[in-house]
Amino acid sequence: MKWKGRARSRNVEDRRGKGGAVVAGGGIGGILIVLLVAFLGGDPGAILDQMGGSAGTSSNQPYEATAEEEQLAEFVSVVLADTEQVWTEVFEEEGMEYVEPTLVLYSGSVESACGMAGASVGPFYCPGDYKLYIDLSFYDELQNQFQAPGDFAMAYVLAHEVGHHVQNLLGVMEEVQPLRSQLSEEEYNKVQVRLELQADYLSGVWAHHAQGMGYLEEGDLEEALTAASAVGDDTIQQRSRGYVVPESFTHGSSEQRKSWFYKGFEAGNLKEGDTFNATDL
Ligand SMILES: [Zn+2]
């Protein structure tokens with residue numbers, strides 16, 4: 001992606017090296033919200049374990065990032081600025097006003113309005129404070145563990161989290177959240193898959209406009225599609241457990257994630273993104 005020397009977002013909060021405080025309050029509801037919007041599903045037990053005890057560490061040492069990580073911090077800040085520009089325009093076309101989210105960079109663990117989260121949660125969005133949370137080491141994870149290298153793979157991830165923010169502004173989150181207590185786990189998982197696939201679609205919408213502005217380089221689209229596929233539930237489950245349980249999917253299969261991202265990329269607007277009424281899901 002062409003990003004060097006371009007404008008950065010002002011909405012970046014750098015909490016790297018600060019650690020998170022030990023969880024106080026938040027409660028189960030908060031923790032569940034973290035689960036709801038975490039980029040990678042994951043085992044609820046593992047998250048709860050992580051939430052218990054003194055997960056957080058505080059340090060007053062200055063955080064020393066490598067030159068590579070600093071580049072990455074600049075990169076995500078440029079991508080965030082791009083999403084601000086695109087979503088402001090798309091919202092205006094729909095007669096709405098876009099409220100910019102804040103991107104929190106953290107290392108290790110972080111406290112959000114949704115509760116305490118560790119790095120293994122992956123990037124997530126907290127609807128309660130309009131913030132996206134990313135530990136930049138996720139970039140290495142994408143490259144090594146998920147085999148999805150490239151800057152545009154990371155851009156896809158960031159744009160997916162921004163997609164959750166867009167859903168929040170559009171009122172989608174508000175409609176979905178009460179269903180957690182009303183539906184069985186299996187039924188709720190299906191709703192969550194639709195929510196996640198819509199965030200992939202919205203990530204694609206952003207990529208459409210980034211391409212229109214001439215920011216994409218050869219291979220970028222493939223990097224995003226590879227990443228979308230790599231974080232599919234079936235691929236993750238196959239790798240981590242050796243088998244796949246479709247009823248437990250919370251984010252959609254590799255094929256679904258790829259295809260909804262691509263749908264958004266082709267459409268470039270909100271119109272084709274109603275995953276909740278899609279009959280093929
Ligand atoms: Zn998500």
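Student: Which helix has the lowest mean pLDDT among the elements of the chain?

Tutor: Good place to start, as this is a predicted model: local features need pLDDT of at least 70, side-chain atom pairs count only at pLDDT 80 or more, while totals for chains, interfaces and linings use all residues. Residues are numbered from 1 along each chain as its sequence is written, and side-chain values use heavy atoms, leaving out hydrogens and water. The pLDDT is the predictor's confidence in each residue, from 0 to 100, and helices (H or I, at least four residues) and strands (E, at least two) are DSSP runs numbered from the N terminus. Helix H11 (residues 254–267) has the highest mean, 98, and the lowest, 24, belongs to helix H2 (residues 44–51).

Student: How many contacts beyond four places in sequence does the model have for residues 42–58?

Tutor: A contact means heavy atoms within 4.5 Å. Where pLDDT is low, the predicted coordinates should not be read in detail. Over residues 42–58 the pLDDT stays under 50, and the number of such contacts is 26.

Student: Which residues coordinate the zinc ion?

Tutor: Donors are N, O and S atoms within 2.8 Å of the metal (3.2 Å for Na, K and Ca); water is not among the atoms, so sites may look incomplete. Along the chain, the donors here follow the spacing H-x3-H-x31-E. At 1.9 to 2.1 Å, the zinc ion is held by His160 (NE2), His164 (NE2) and Glu196 (OE).

Student: Is His164 buried or exposed?

Tutor: Buried means under 20% relative accessible area, exposed over 50%, and partly exposed in between (1.4 Å probe, protein chains only). Glu196 has a value of 0%, so Glu196 is buried. The value for His164 is 0% too, so His164 is buried.

Student: Which strand runs parallel to S6, and how many bridges join the two?

Tutor: Two strands pair if DSSP finds at least two bridges between them. Strand S5 (residues 124–126) is antiparallel to S6, with 3 bridges, and Cys126 is the partner of Lys131 there. On the parallel side, Val104 is the bridge partner of Tyr133. That parallel strand is S2 (residues 102–106), and the number of bridges is 5.

Student: Which residues of S6 point the other way from Lys131, Tyr133 and Asp135?

Tutor: In a regular strand the side chains alternate between the two faces of the sheet. Strand S6 (residues 131–135) is mostly covered, with 5 of its 5 residues buried. Lys131, Tyr133 and Asp135 point one way; the residues pointing the other way are Leu132 and Ile134.

Student: What residue has its backbone nitrogen 2.9 Å from a polar atom of the side chain of Ser112?

Tutor: Ser112 sits in strand S3 (residues 109–112) and counts as buried at 10% relative accessibility. Not counting residues up to four places away in sequence, Ser112 touches Phe124, Cys126, Asp129 and Tyr133. The backbone nitrogen at 2.9 Å from its side chain belongs to Cys114.

Student: Which residues are joined with Arg16 into one network by salt bridges that share partners?

Tutor: A salt bridge is a side-chain nitrogen of Lys or Arg within 4 Å of a carboxyl oxygen of Asp or Glu. Arg16 forms one with Asp14, the closest N and O atoms being 2.8 Å apart, and another with Glu70 at 3.1 Å, N to O. Sharing partners in this way, the salt bridges join Arg16 into one network with Asp14, Glu69 and Glu70.

Terms used
A polar contact is a pair of N or O atoms within 3.5 Å; within protein, one must be able to donate a hydrogen and the other to accept it, and residues adjacent in sequence count only if both atoms are side-chain atoms.
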